[in-house]
Amino acid sequence: MKDEPLQSYRKKRDFSLTSEPRGELPGGDRSADDKSTGERIFIVQKHAARNLHYDFRLEVDGVLKSWAVPKGPSMDPKQKHLAIAVEDHPLDYASFEGRIPAGQYGAGTVIVWDTGTYRNLTELDGQIVPVSRALENGHISIWLEGRKLKGGFALTRTGRGWIMVKMRDEEAKPSMNILKAEPASVLSGKTLEEMEKTGD
Ligand code: MN
């Protein structure tokens with residue numbers, strides 16, 4: 001039997017202590033367009049937990065499929081960055097930023113570093129592969145229309161985790177360190193350090 005969606009997410013958290021959203025159960029209506037190339041949301045959160053990392057999340061079938069990317073996304077197609085698959089998050093996590101209290105899972109400060117929509121580009125034999133299938137197969141190609149991240153990106157599962165890479169296209173910026181150039185939240189305008197001081 002398939003686990004309840006978000007079961008793993010909820011088990012890890014005490015919602016009387018953390019201000020993270022509990023999340024509604026995914027509705028059936030948002031998964032109906034899975035076979036199409038319709039636009040869905042993506043977000044990147046910068047998270048100063050025990051180790052600083054970026055959380056990359058894609059809306060798939062009413063939840064946010066999630067990876068922790070220790071080095072963060074890059075606009076340089078030569079950079080292959082490890083992306084560790086983590087538990088699905090609820091859709092309303094997309095607007096969460098603030099502090100997760102000490103002692104709680106993922107304790108530390110979070111900002112929404114980027115947000116936007118994505119399109120599925122994954123093809124096999126000239127046919128679009130649905131996102132959920134592509135993830136099961138271990139390879140997905142997507143086009144991001146974020147405030148910061150733009151263009152094609154690919155995620156590929158390997159023996160030691162997923163690898164995230166910028167695809168070679170007109171949006172690639174090999175010499176740009178986008179993490180340094182654009183450090184602030186796209187929601188509040190705060191840097192992680194400012195959020196740490198002021199809270200949410
Ligand atoms: Mn995280």
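## Core, metal site and pocket in a predicted model

L149 is in contact with F42, V44, P73, M75, W113, D114, L144 and I178, leaving aside residues up to four places away in sequence. These contacts belong to a predicted model, in which L149 is also one of the residues with the most contacts inside the largest nonpolar core. The briefing below takes up the nonpolar cores, the manganese site and a pocket in turn.

**Nonpolar cores**

- The largest nonpolar core holds 26 residues, and F56, L58, W67 and L149 are those with the most contacts inside it.
- Strand β2, which covers residues 52-60, gives this core its largest share, namely 4 residues.
- Another core lies apart from that one and has 10 residues, including L6, Y9, Y93 and F96.

**Manganese site**

- The manganese ion has as its protein donors ND1 of H47, NE2 of H53 and, listed twice, OD of D55, at 2.1 to 2.8 Å from the ion.
- Along the sequence, the donor residues follow the spacing H-x5-H-x1-D.
- Because buried means under 20% relative accessible area, H53 counts as buried at 13%, and D55 likewise counts as buried at 6%.

**Second largest pocket**

- The second largest pocket contains about 440 Å³ of space.
- Its lining is made up of 22 residues, and those nearest the centre of the pocket are H47, A49, H53, Y105 and G106, with H47 and H53 also serving as donors of the manganese ion.
- Strands β2 and β4 (81-90) each contribute at least two residues to this lining, whose residues divide into 10 nonpolar, 6 polar and 6 charged.

How values were computed
Residues are numbered from 1 along each chain as its sequence is written. This is a predicted model: local features need pLDDT of at least 70, side-chain atom pairs count only at pLDDT 80 or more; totals for chains, interfaces and linings use all residues. Side-chain values use heavy atoms; hydrogens and water are left out. Donors are N, O and S atoms within 2.8 Å of the metal (3.2 Å for Na, K and Ca); water is not among the atoms, so sites may look incomplete. Buried means under 20% relative accessible area, exposed over 50%, partly exposed in between (1.4 Å probe, protein chains only). A nonpolar core is a set of buried Ala, Val, Leu, Ile, Met, Phe, Trp, Tyr and Cys residues joined through side-chain atoms within 4.5 Å. Contact means heavy atoms within 4.5 Å. On a 1 Å grid over the protein atoms alone, a cavity is a set of points where a 1.4 Å probe fits but cannot get out, and a pocket is an open set with protein on both sides within 12 Å along at least five of seven lines; lining residues have an atom within 4 Å of a point. Grid points are joined across faces, edges and corners, and a volume is the space filled by probe spheres set on the points. Ala, Val, Leu, Ile, Met, Phe, Trp, Tyr, Cys and Pro count as nonpolar, Asp, Glu, Lys and Arg as charged, and the others, Gly among them, as polar.
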